[in-house]
Amino acid sequence: MPNFTDVTEFILVGLTSRQELQVLFFVVFLVIYMLTLLGNVGMILLIGISPQLQSPMYFFLSHLSFVDVWCSSNVTPKMLENLLSETKTISYVGCLVQCYFFIALVHVEVYILAVMAFDRYMAICNPLMYGSKMSRTVCLRLISVPYIYGFSVSLICTLWTYGLYFCGNFEINHFYCADPPLIKIACGGVRIKEYTMIVIAGINFTYSLSVVLVSYTLIVVAVLRMRSADGRKKAFSTCGSHLTAVSMFYGTLIFMYLRRPTEESVEQGKMVAVFYTTVIPMLNPMIYSLRNKDVKQAVTKAVARTCSGK
């Protein structure tokens, strides 16, 4: 039988052990984190104060920005601290808390992306009924489901993580507490955690992605039937930003969580995790603003009001 050891803290190996690269990474990720906060908080405030952005699409986008802020804040501050620290540790409780919020926020985000795809389907395929079908009450119900479901599923997953046992190896080959590297160093409770991780991730990613694919299949059919070239262009432009965000987010998560944890997959997943924990939250507000005329106009008007107020 393995000699199980009580765990009080883990060592986060991080991205590199080279001191000069750690300083460089600290500067790079600090800038990315500041841009993430600025972009997403700015998007939330802009949607809140702009009359032309009071539609369901921007309501859901504000929640996507809110989740991106917390997803990045759950990981990046600790990563920045460890880049300049000699110990590079995280407490056992802190590790479980980080796991809980990360899993919860990932599930919330994938289902918000699915809800946004459904919203685009309703707007393009049922424009005459869009206002009544996507009322404020309906939008509140649609956005509450990802939060309730995501945090509930995460509680179950974190309890299974709590069931892992360790035998002296407390070095996590990652820059935050993630399930695959934890499974890799555990010596007990591994099988049930490994299979439940793959099954739950597979079910949720498949279901939410199916909603996205079905919605956009119906959207494409409806757009191709439009007689107006301007109508087709406008419809595709409102969907392009969302499809870009969906492709980046789902692609990186599937690569990370739908494989059995091995030394090679954990190392590759660490590089991929940099993208979806730091880069994607920074890019999302840029993607939705640079290709969206309504957001550009709202920014212009907000700046004009600010300048005139002075």
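This report describes helix packing, a small sheet, a disulfide and one lysine in a predicted model.

**Annotated segments**

According to an unreviewed UniProt entry, the annotation "transmembrane region" applies to residues 23–46, 89–118, 138–162, 198–224, 236–258 and 270–288. Two of these segments are set out below with their computed secondary structure and end-to-end separation.

| Residues | Helix | Strand | Distance between end C-alpha atoms |
|---|---|---|---|
| 23–46 | 100% | 0% | 34 Å |
| 138–162 | 100% | 0% | 37 Å |

**Packing of α3 and α5**

Two packed helices are described by the angle between their axes and the distance between the axes. For helix α3 (residues 92–125) and helix α5 (residues 136–162), the axes approach within 8 Å and cross at roughly 150 degrees. The crossing of α3 past α5 is right-handed. The residues of this contact comprise 23 nonpolar and five polar ones, with no charged residue.

**The sheet**

Strands of a sheet pair through backbone hydrogen bonds, either parallel or antiparallel. Here three strands make up an open sheet with mixed pairing, in the order β2-β1-β3. The edge strands are β2 (89–91) and β3 (171–172); each has a single partner strand, so one side of each lacks a neighbour in the sheet. Strand β1 (residues 9–12) pairs with β2 in the antiparallel sense, over three bridges. Within this part of the sheet, F10 is positioned opposite I90 of β2. Helix α3 lies across β1, β2 and β3, and runs at about 85 degrees to β2.

**Disulfides**

A disulfide is a covalent bond between the sulfur atoms of two cysteines. Searching the whole structure gives two disulfides. One of the bonds connects C95 and C177, with an S to S distance of 2.0 Å. C95 belongs to helix α3, while C177 sits in the loop between β3 and α6 (179–185); the two are 82 residues apart, and the pair links distant parts of the chain. The torsion about the S-S bond of C95 and C177 is about -125 degrees, which means that the disulfide is left-handed.

**Surroundings of K78**

K78 is located in helix α2 (residues 56–83). Leaving aside residues up to four places away in sequence, K78 touches L12, T89, I90 and Q98. Of these contacts of K78, I90 is also the residue that stands opposite F10. Between K78 and F151, which are 73 residues apart along the chain, the C-alpha separation is 21 Å.

Definitions and conventions. Residues numbered from 1 in each chain as written. Predicted model: local features only at pLDDT ≥ 70, side-chain atom pairs only at ≥ 80, totals over all residues. Heavy atoms only, no water. Axes fitted to C-alpha atoms, helices over the stretch in contact; angles between N-to-C directions. Helix = DSSP H or I, 4+ residues; strand = E, 2+ residues; numbered from the N terminus. Left-handed = near helix turned anticlockwise from the far one by under 90°. Nonpolar A, V, L, I, M, F, W, Y, C, P; charged D, E, K, R; others polar. UniProt positions renumbered as here; feature names shortened; annotations may be inferred. Pairing = 2+ DSSP bridges. Contact = heavy atoms within 4.5 Å. Disulfide = S-S within 2.5 Å.
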